[in-house]
Amino acid sequence: MAKNKPKEAAPHEPESSLKQVIAHAKEYGFVYPSSEIYDGLQAVYDYGPYGVELKNNLKQFWWQAMTRLNDNIVGLDAAIFMQPQTWKASGHVDSFNDPMIDNKDSNKRYRADTLIEDKAAQLEAEGEIENAQLLLKRMNELLEAEDLAGVRDLIIEYDIVCPESGTTNWTEVRQFNLMFSTQVGSVAEDSSKIYLRPETAQGIFVNFLNVQKTARKKVPFGIAQIGKAFRNEIVARQFIFRMREFEQMEMQFFIRPGTQAEWFDRWKQVRMRWHETLGIPTEKFRIHEHEKLAHYADAAIDIEYQFPFGFKEVEGIHSRTDFDLTEHQKLSKKKQQYYDPDVSESYVPYVIETSIGADRLFLMTLCEAYTEDTGVDAKGNEKKRVYLKIHPALAPVKAAVLPLVKKDGLPEKAKEIYESLKLDMKVVYEESAAIGKRYTRQDLIGTPYCIAVDHQTLEDDTVTIRERDSTEQERIPVSELRSTLLERVSLQNVLRTLV
RNA sequence: GCGGGAGUAGCUCAAUUGGUAGAGCGACAGCCUUCCAAGCUGUAGGUUGCGGGUUCGAGACCCGUCUCCCGCUCCA
């Protein structure tokens with residue numbers, strides 16, 4: 001963000017437009033469109049060398065904040081494939097298998113079967129009972145045969161109009177299957193349909209008792225998980241904000257029924273503090289309270305960040321009640337209860353969920369970091385300077401070791417320093433091109449520190465450290481380099497502020 | 001899904017009415033250099049997104065398609 005040039009931030013021109021961030025992400029090895037040589041695949045992206053480092057750091061920060069700062073939260077890594085009954089219990093199978101149709105004039109979307117049923121009811125009211133029954137019969141046959149084109153023809157044939165626009169200008173009928181499916185089993189007849197999980201939460205719920213027993217946890221306790229989830233989004237856009245394959249970081253916190261309101265508030269605060277720790281200004285966050293709640297929730301909020309395309313959800317906190325465990329208990333006929341020695345009774349725990357999109361968090365970090373500034377070039381002229389203001393603990397590369405020139409024994413000394421650091425943090429060594437160009441390269445990928453090895457280094461064993469944002473340098477002894485850097489780039493120091 | 005816009009080297013862009021696909025930057029190699037994309041020399045990099053069509057000839061014109069961006073719509 002060009003914070004020192006606010007006048008350029010017109011309301012319609014976000015300070016860092018999404019386009020710039022996307023271009024930067026691709027050009028400097030953060031995010032590429034998937035299978036780009038074949039024109040890509042809509043809403044699927046790959047993380048490049050710096051992207052994967054940044055994303056791993058974000059995941060580490062979340063994971064450690066969850067599992068290390070809270071001694072009652074343990075981890076889990078459940079499989080992507082799950083027994084299909086899981087999705088029956090969770091409600092995913094039933095709520096997302098509808099034939100939908102859009103009216104092109106009103107841009108309204110309807111369930112095709114509902115439209116036809118309404119028409120049948122209308123016919124019946126008009127006394128055409130036989131016709132109405134025929135209509136329903138034909139619809140059911142078509143739906144059974146999965147003949148969606150036939151369903152549309154039926155709508156046209158019966159002159160069913162959009163209640164909004166009154167026209168029959170309909171799109172095709174499409175089956176909205178939120179979940180991706182595939183086959184298990186080698187022979188088609190024997191194979192069964194299974195789904196790629198549309199959320200990671202169910203892996204936690206079905207393992208609730210396993211984890212509770214083996215980790216010997218008492219309610220209240222939590223299970224944290226990071227993993228891929230898949231949703232066949234109809235419209236997937238805005239770069240990595242909404243992807244068909246994405247990564248969730250979820251924590252399900254199991255509590256005694258009746259205590260959900262206080263735990264909900266508690267986790268809301270904890271999660272907000274976590275976000276603010278990384279230095280993003282508070283005013284760029286907004287809490288969105290849900291009015292329309294999902295089938296499983298009794299309270300829900302989104303933590304929204306001001307992306308270049310508006311305030312959008314980064315993390316959701318939901319009070320899921322005992323919905324999931326109860327449903328699993330019903331369908332599996334296995335008790336999902338916990339005996340609480342404190343109150344001497346068994347119950348199905350309530351759940352508070354915190355669910356954050358790793359990819360959205362990544363995008364938020366990148367949007368926030370992208371900075372255009374003015375600097376001074378080698379000739380003393382003003383020039384545009386672009387750099388990524390990423391928190392040092394998250395930066396893909398922590399430091400670059402750079403010999404001032406490629407001679408006089410400086411490369412040898414610099415390599416020696418590089419070797420002494422590389423086990424402690426991600427560092428790079430670079431000797432090609434002028435020092436200024438090498439600084440700029442590091443700025444562009446957000447490296448917080450550049451260590452220059454110059455002739456003085458050979459004399460008194462000191463180096464200069466250049467700080468990315470200010471471009472200022474300080475000279476310190478090589479012997480203090482490792483500890484100085486670690487203090488500034490380590491995740492532990494950020495976590496410490498959260499304790 | 002609807003509407004609008006875009007696609008030429010890694011990036012930014014050029015290419016007369018339809019007539020030999022180019023430049024700058026970047027990358028890489030070498031030289032030179034004591035600190036913010038410096039200089040010199042050289043090298044690599046393109047079926048002009050893809051597929052058809054019109055034409056003697058298409059980067060340009062026509063059709064289709066893919067991808068991306070913006071707005072609407074959708075998002076248990």
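Here's a quick briefing on the sheet, the core and two of the helices in this structure. It's a predicted model, where local features need pLDDT of at least 70 and side-chain atom pairs count only at pLDDT 80 or more, while totals for chains, interfaces and linings use all residues. Residues are numbered from 1 along each chain as its sequence is written, and side-chain values use heavy atoms, with hydrogens and water left out.

**The sheet**
- Seven strands, in the order S3-S9-S10-S16-S13-S12-S11, make an open sheet with mixed pairing. Strands here are DSSP E runs of at least two residues, helices are H or I runs of at least four, and both are numbered from the N terminus. Two strands pair if DSSP finds at least two bridges between them.
- At the edges sit S3 (73-76) and S11 (285-289), and each pairs on one side only.
- From one strand to the next, the twist averages 25 degrees.
- S12 (residues 299-307) and S13 (residues 310-321) run antiparallel, joined by 9 bridges. Phe 307 stands opposite Gly 310 in S13.
- Helix H12 packs on this sheet, touching S10 (245-255), S11, S12, S13 and S16 (350-357), and its direction makes about 35 degrees with that of S12. Those angles run from 0 to 180 degrees between N-to-C directions, with axes fitted to C-alpha atoms, for helices over the stretch in contact.

**The core**
- The largest nonpolar core has 62 residues, and Phe 30, Phe 61, Trp 62, Phe 307 and Leu 363 touch the most other members. Such a core is a set of buried Ala, Val, Leu, Ile, Met, Phe, Trp, Tyr and Cys residues joined through side-chain atoms within 4.5 Å.
- H12 (residues 358-369) gives this core its largest share, 8 residues.
- Beyond its neighbours within four places in sequence, Phe 307 is in contact (heavy atoms within 4.5 Å) with residues including Phe 241, Leu 363 and Met 364.

**A buried Glu**
- Glu 304 lies in S12. Glu 304 counts as buried because its relative accessibility is 7%; the cut-off is under 20% relative accessible area, with exposed over 50% and partly exposed in between (1.4 Å probe, protein chains only).

**Helix H6**
- In H6, which residues are buried? They're Ala 132, Leu 135, Met 139 and Leu 142.
- These residues cover an arc of only 95 degrees around the axis, so they're on the same side of H6. The arc is that of the directions from the helix axis to the C-beta atoms.
- On the other side, Glu 130, Lys 137 and Glu 144 are exposed.
- The buried residues of H6 pack against H5 (112-125) and H7 (148-157).

Key. Chains are lettered from A and ligands numbered from 1 in the order in which they are written.
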